[in-house]
Amino acid sequence: MIERIVWLMIARTREFYRDLSSLGWNFLFPIFVIVGFGFIFNGRANGVLKVGVVGGTEAVKTAEILIDPKHNQIVPFASLDAGLDRVRHHRVDLLLDPSTRPPKYWVSESSPKGYLAEKLLVAAASPPKAGASATLEKATVQGREIPYAEWAFPGVLGMNLMFSALWGVGYVLVRYRKNGMLRRIRATPVRAWEFLTAQVLSRIVILMCATALVYLGCWALYHFECRGSLLLLTFVFFMGSLSMISLGMLVASRGQSEEFANGLLNMFSWPMMFLSEVWFSLEGSSPAVKAASNALPLTHLVRSARAIMNDGAGWSQVAPSLGYMAVVTVVCMVVGSAIFQWSDK
Amino acid sequence: MRSPILEVRDLKKTYPAKRGSPEPVRAVDGVSFSVHAGECFGLLGPNGAGKSTTLEVAEGILAPTSGEVFFQGKVRDVTFRDRVGIQFQNTELPSSLTVKETLEVFSHLYSRRASIDELVRLCRLEDLLKRDNKRLSGGQRQRLLLALALVNDPELVFLDEPTTGLDPQARRHLWEIVQGIKGRGKTVILTTHYMEEAQLLCDRLVIMDRGRIIAEGTPGDLLSRHFSGVSLVLKTGKGAVGGLPWPVYETEEGLEIMADDVNACVRALMDRGVDLTGMSVRSRNLEDLFLQLTGKDLRA
């Protein structure tokens, strides 16, 4: 049994690294991502600005005098500490406390969007001829700041891992089924779960290598810092890879139309791209959006990786997300193996 | 009498109705046969006759709608796939693996293994070991697939149309390999629509049409049971031979007369003033038998 799994895994891995197009996609794409990071560092940021407001409904109403809600998203915070934490993590671009006299705001010096938010706030609050900061008090966040690139980096790694896992397993399985390769394997004593386990293990090796390469590349170029344990970070990416590969396997457990598989894989990957806080925070989003986000394995991967890299979180802090990814893995593997179809007949 | 290594009883396989057709497709309709250890057993018939479906049910790849399959007198169990070798009609192989790597991988999927060196010699793969599967010709690929069907030193080998699509030389190479497999005492079950292949390789065969067996026996028995004469092939039109007491078929070459008495037939043709220049006489074969039984060409 183990021997069969190992040999199938070796075969699949050899196939992968000898296929230049697959190799290129999995290893060159992350390098393009690294280059893309260079642009992020240039401070070009866009999109709606998020301004945190300390206090309840009254504070928000007061803040709306200074902040145009059409162009800014206002995110209320019950406490100053909670708001400052979000500024530090670039999940909001600026924090305003309208209850103080004069009103006080906090920005992160390393946030390009924070800079823009500050300019808009100061312009809105000041009479044209008065000094810009005369009516507001500025403060910068205290403690260790998290540059945006460092905040976004775990998300990019997770996104790359998601695409590689879903297509590298899901799409390939459907192709194998279509061209009769699965039927040939079925003619041997190999059982469905053995074959699928071999595919999962092979892709895990590939994904972990690709992720390590991107990590090292970014570390060499931009000197990112991992504040937590590298071992724990590796384990988080391992669990994230497992859950994503299992999801791809479940999607491809039946059917032999590559077009249909492509559509299904897109149906899973695109919501994850936008709802898993890869590029931007969902702070201030509706509870429904947050619930949907929490159901996605990529959210848990990115959240855990960020907690380790940015805040130095330990095992106990990321345990719930690790548990969730383990559950997704087991459910997808069990259901995928149970409904797995070797051929269309 | 030898006990059968494989026995198929009243096998039926029905597929759901296709789009635009109200009727389900009955691919196999009550097929029964027994295969004895050490023999080469053939399923002969045209495309769509139900040969491959019958074979795939016997292999355990497809589930039957009804009927039973016994291996060595028992219902097939989990060890069945470890003890048989299967070659499908159309199968892709990992394109970036070499021939040697493919043999190694498949060999390790079974609990018992044949010597790879011996398989390489038997299937004439010596010069191809380092070649990627994607660079193999049709004949080379079939030889590799045949070797893969033998990697577990099986007691029973299933070959589904092993020579379809091959050129005559590659086909002959494969026939020699199958004869080599027979020579090692293996039991072979093969499907084919080439009557010469069946005649050359099979000890016993069944002829199938529309999901049913229409004839069964050794090639010699079948021919002697249904034919007593020969075929006369003439390069002339049908109008010239009207009123002959023997069946006459139009072929690409001209006319073919299935005569049980050559002398009487030749006399009758001469009486009618038919030009016998270019006439040839040949023995009846399985293709003629199929034509006689169904009125259809075997390769249709």
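Here is a chat about the fold of chain A and its contact with chain B in a predicted model.

Trainee: Let's start broad: how many helices does chain A have?

Mentor: Chain A has 345 residues, of which 47% count as buried. Its C-alpha trace spans about 80 × 40 × 35 Å along the principal axes. As for secondary structure, there are five strands, and the helices number 13.

Trainee: What share of the contacts in chain A with a separation of 6 or more comes from residues 24 or more positions apart?

Mentor: Two residues are in contact here if their C-beta atoms lie within 7 Å. Count the pairs with a separation of 6 or more, and the share from residues 24 or more positions apart is 77%.

Trainee: On to the sheet: what is the strand order?

Mentor: The sheet in chain A is open, has five strands and shows mixed pairing. Strand 2 (72–77) and strand 5 (137–140) of chain A are the edges, each pairing on one side only. Neighbouring strands are turned by 25 degrees against each other on average, direction ignored. Read across, the order is 2-1-3-4-5.

Trainee: Take the strand 2 edge; which residue is the bridge partner of A:Leu49 there?

Mentor: Strand 1 and strand 2 of chain A run parallel and are joined by six bridges. Together with helix 3 (residues 57–66) of chain A, these strands make a right-handed β-α-β unit. In strand 2 of chain A, the partner of A:Leu49 is A:Asn72.

Trainee: And at the other edge, which residue of strand 5 is the bridge partner of A:Trp106?

Mentor: Look at strand 4 (residues 104–107) of chain A, which pairs with strand 5 of chain A in the parallel sense over four bridges. In strand 5 of chain A, A:Trp106 finds its partner in A:Ala139.

Trainee: At about what angle does helix 4 of chain A run to strand 1 of chain A?

Mentor: Helix 4 covers residues 80–88 of chain A and lies across strand 1 (49–54), strand 2, strand 3 (94–97) and strand 4 of chain A. Against strand 1 of chain A, the helix runs at about 160 degrees.

Trainee: Now the contact between the chains: which element gives the largest share of the side of chain B that touches chain A?

Mentor: Chain B puts in 19 residues, and chain A puts in 19 residues. On the chain B side, the elements giving two or more residues are helix 2 (80–83) and helix 3 (99–107) of chain B. That side divides into ten nonpolar, four polar and five charged residues. The largest share, three residues, comes from helix 3 of chain B.

Technical notes:
Residues are numbered from 1 along each chain as its sequence is written. Chains are lettered from A and ligands numbered from 1 in the order in which they are written. This is a predicted model: local features need pLDDT of at least 70, side-chain atom pairs count only at pLDDT 80 or more; totals for chains, interfaces and linings use all residues. Two strands pair if DSSP finds at least two bridges between them. Axes are lines fitted to C-alpha atoms, for helices over the stretch in contact, and angles run from 0 to 180 degrees between N-to-C directions. A residue is buried if 20 or more other C-beta atoms lie within 10 Å of its own, exposed if 12 or fewer, and partly exposed in between; C-beta atoms are placed from the backbone. Ala, Val, Leu, Ile, Met, Phe, Trp, Tyr, Cys and Pro count as nonpolar, Asp, Glu, Lys and Arg as charged, and the others, Gly among them, as polar. A crossover is right-handed if, with the strands pointing away from the viewer, the path from the first strand over the helix to the second runs clockwise.
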